[in-house]
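Take a look at the model below. Where does it leave empty space, and which residues sit around that space?

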Amino acid sequence: MAVLPILYSYRRCPYAMRARMALKYANIAVEIREISLREKPKHMLQLSPKATVPVLLLPSGQVIDESFDVMRWALQQSDVEGWLKADAALIQELIAENDGSFKCALDAYKYPERYPEKTQTQHRTNGEVFLQKLEALLQQNDYLLTTTPSLADIAIFPFVRQFAAMDVAWFETTPYPKLRNWLKNWVEGELFNSVMEKRPTYVE
Ligand SMILES: N[C@@H](CCC(=O)N[C@@H](CS)C(=O)NCC(=O)O)C(=O)O
């Protein structure tokens, strides 16, 4: 039996979601090991002491422990719909903003007690700066950077999903109709749902 790559993952982690989606899209079979964030497997920590998911171990022994790198590696193996066709610098720039200022605003919005210098609504308003940018992009094209999906869409929507889920009633009233539609399509899509099945926690 062929040895499969191993992916240490956490179902609800948006970074792990995007890695799983890219691997699935590229049709790469992996052994998914669902971890407990409180009790991480020793093997995962040996591979990647920084202790975040996702961590991909290839049969060659190579370890990839950044979700963006896992995605790029997967797409280098297979990219039938051309997710890498969009401008690489633009992809990187948008994902950096998502993983940077937007993720900070999302965390503060989710856990306002940890960021008491502002109110929860102010944190949400900070996050909306990025939502407004995405809405403007989606006014131009059906996807963030081109007329077809790119790496940026997949990398970013799990975070927008979390932001929207904080207050669904509020999100429904926001002046971001294209963004709402874009998010709905991804969340209801086959690819996303195929990587969200529940699995038991991996025991070493
Ligand atoms: N830059 C990393 C971030 C990954 C990350 O922060 N993952 C979170 C879960 S969503 C994690 O593993 N946190 C460690 C912990 O909670 O102990 C990546 O893109 O892979």
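The paragraphs below go from the open spaces to three single residues.

This is a predicted model. Start with its empty space. Rolling a probe the size of a water molecule over the atoms shows where such space is left. The largest pocket holds about 520 Å³. It is lined by 23 residues, and the closest to its centre are Tyr10, Cys13, Pro14, Tyr15 and Leu37. Three helices each give two or more residues to this lining: H1 (14–25), H4 (88–110) and H6 (151–165). The lining of the largest pocket is mixed in class. Its residues are 10 nonpolar, 10 charged and 3 polar.

Next comes the enclosed space. The count gives 1 cavity of 30 Å³ or more. The largest cavity has a volume of about 30 Å³. Around it stand Arg11, Arg20, Ile32, Glu34, Val195, Glu197 and Arg199. Of these lining residues, 5 are charged and 2 are nonpolar, with no polar residue present.

Now turn to single residues, starting with glutamine 162. Find it in helix H6, one of the helices that help to line the largest pocket. Is glutamine 162 buried or exposed? Its relative accessibility is 17%, so it counts as buried; the cut-off for buried is under 20%. What does glutamine 162 touch, beyond its neighbours within four places in sequence? Its contacts there are Arg12, Pro14, Leu106 and Lys110. Pro14 has come up before, as one of the residues closest to the centre of the largest pocket.

Arginine 124 is also buried. Look for it in helix H5, which runs over residues 120–140. Does this mean a salt bridge or none? Arginine 124 has none. The nearest side chain of opposite charge belongs to aspartate 167, 4.0 Å away. Aspartate 167 is still a contact of arginine 124. With neighbours within four places in sequence set aside, the other contacts are Tyr109, Phe163 and Trp170.

Last, serine 60. Where does it lie? Serine 60 sits in a loop, between strand S3 (55–57) and strand S4 (63–64). Serine 60 is exposed, because its relative accessible area is 63% and the cut-off for exposed is over 50%. How far is serine 60 from valine 3, in sequence and in space? The two are 57 residues apart along the chain. In space, C-alpha to C-alpha, serine 60 and valine 3 are 9.9 Å apart.

Note on methods: Residues are numbered from 1 along each chain as its sequence is written. This is a predicted model: local features need pLDDT of at least 70, side-chain atom pairs count only at pLDDT 80 or more; totals for chains, interfaces and linings use all residues. Side-chain values use heavy atoms; hydrogens and water are left out. Helices (H or I, at least four residues) and strands (E, at least two) are DSSP runs, numbered from the N terminus. Buried means under 20% relative accessible area, exposed over 50%, partly exposed in between (1.4 Å probe, protein chains only). Lys and Arg count as positive and Asp and Glu as negative; His and the chain ends are not counted. Contact means heavy atoms within 4.5 Å. On a 1 Å grid over the protein atoms alone, a cavity is a set of points where a 1.4 Å probe fits but cannot get out, and a pocket is an open set with protein on both sides within 12 Å along at least five of seven lines; lining residues have an atom within 4 Å of a point. Grid points are joined across faces, edges and corners, and a volume is the space filled by probe spheres set on the points. Ala, Val, Leu, Ile, Met, Phe, Trp, Tyr, Cys and Pro count as nonpolar, Asp, Glu, Lys and Arg as charged, and the others, Gly among them, as polar.
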